[in-house]
Amino acid sequence: MPEVSGQEIHTSTYIAQCLQEMGIRIKKNIAGYGVLGILEGDPDKKCVAVRADMDALPIQENNRSAYQSLNQGVMHACGHDAHMAMVLGAAQLLSTNRPQGTVKFIFQPREEKPPGGAKDMIKAGVLEDPKVDGVIATHITNAFPCGTIALADQMAMALADDFHLSIFGRGSHGAEPHKSLDTILITAQVIQALQNIVARRVNPVYAAVISIGTIHGGTSQNIIPDRVDLTGTVRCLDVTLRDEMLEDIHQVLSGITSAWGANYELNYIYGYPPVKNHPLTNGWVLDAVASLKGSLPICLQKLEHSMMAGEDFAYFGLKVPSTFFFTGAGNQNCQQPWHNNCFDIDEDALVFGSSVMATIAWKICSEQKQEE
Ligand SMILES: [Zn+2]
Ligand SMILES: [Zn+2]
């Protein structure tokens, strides 16, 4: 019963009920429908948080499985149902085999809809009282087979910004272009130049994307329009690079439009920051995978390139050490990418994600909290 961003009503009620049945204390309705589970332990020991996102996407599911969506037009096409199941699985393991310190289970709403729910949950204090020493989350992916835990050294996900751009000129009859300021021609030059920012301004060893997604201008074949509107997205792994690219975008826009006596307006929307893994929490994941090797067919894969999608888990990493690892869920039948209407996972993957998170919490929460 998937629910879209900001409407995770039944999902959050169900999660809260599951946690309560495990004897875990809960706080409900945080930042909308967010839920915090607190498995309380010795305050002098470390505190670990594990996080799952809860929202689904406005997509009509095209799978025929026993667990296909019952909600028309809404689907867990990003696997957030799997994330919730894995964190609940970890909660189950830990509630029956309690660590010495406190574990927090963060169920976060609105990941798919910027500005997202993570920031608001942090503002509501989920990382405080007791203070969390590190946060772990995972994203399921069919890019790796079931049994794989994929971990990036540093950059796991890109920053993701959007923009709305308008080019303003002067309209005229198509037969009299000399009386116009032709926004169609100017737009053609602008698009070329924007792509050349990536090709000629960004150092080629860094990943960067500028994509134009929509372009709208004109009403008839013989009218030069006085305005063209475009939207697009900017992705890269580094906030300094983003600032440089934004400066270049303005320079290109102002140079080209002013050369033709036209104008522009750019509405640039800052999205989620990049997801950067911390060496401390990466160590926790590596340790957990190593210690699970005896009992599970688990294998660690080093993620050579970051994913260029965005994730608001990034905000946790700005506050405390955090790691975002990927849980492989692919098999012969489960090959579809995120946000596809046939996205499905090998459910055996859930055991691996749950086990890694539970093992981390169990080990780290037995350590003494460091004096501040
Ligand atoms: Zn998604
Ligand atoms: Zn997702």
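**Helix α1**

I began with the length of helix α1, residues 9-21 (helices are DSSP runs of H or I with at least four residues, strands are E runs of at least two, numbered from the N terminus). At 1.5 Å a residue its 13 residues should span 18 Å, and the end C-alpha atoms, 19 Å apart, agree with that; the expected span is 1.5 Å times one less than the number of residues.

A note to myself: this is a predicted model, where local features need pLDDT of at least 70 and side-chain atom pairs count only at pLDDT 80 or more, while totals for chains, interfaces and linings use all residues. Residues are numbered from 1 along each chain as its sequence is written, and chains are lettered from A and ligands numbered from 1 in the order in which they are written.

Next I looked up burial (buried is 20 or more other C-beta atoms within 10 Å of a residue's own, exposed is 12 or fewer, partly exposed is in between; C-beta atoms are placed from the backbone). T11, S12, I15, A16 and L19 are the buried residues I found in α1. They cover an arc of only 130° around the axis (from the directions of the C-beta atoms from it), so they sit on the same side of α1. Q17, Q20 and E21, on the other side, are exposed.

After α1 I came to G23, with a positive phi near 80°.

**V275**

I then moved to V275, which lies in strand β14 (residues 275-276). V275 counts as buried because it has 29 C-beta neighbours inside 10 Å. I also checked F316: 41 residues from V275 in sequence, it is 9.1 Å away in space, C-alpha to C-alpha.
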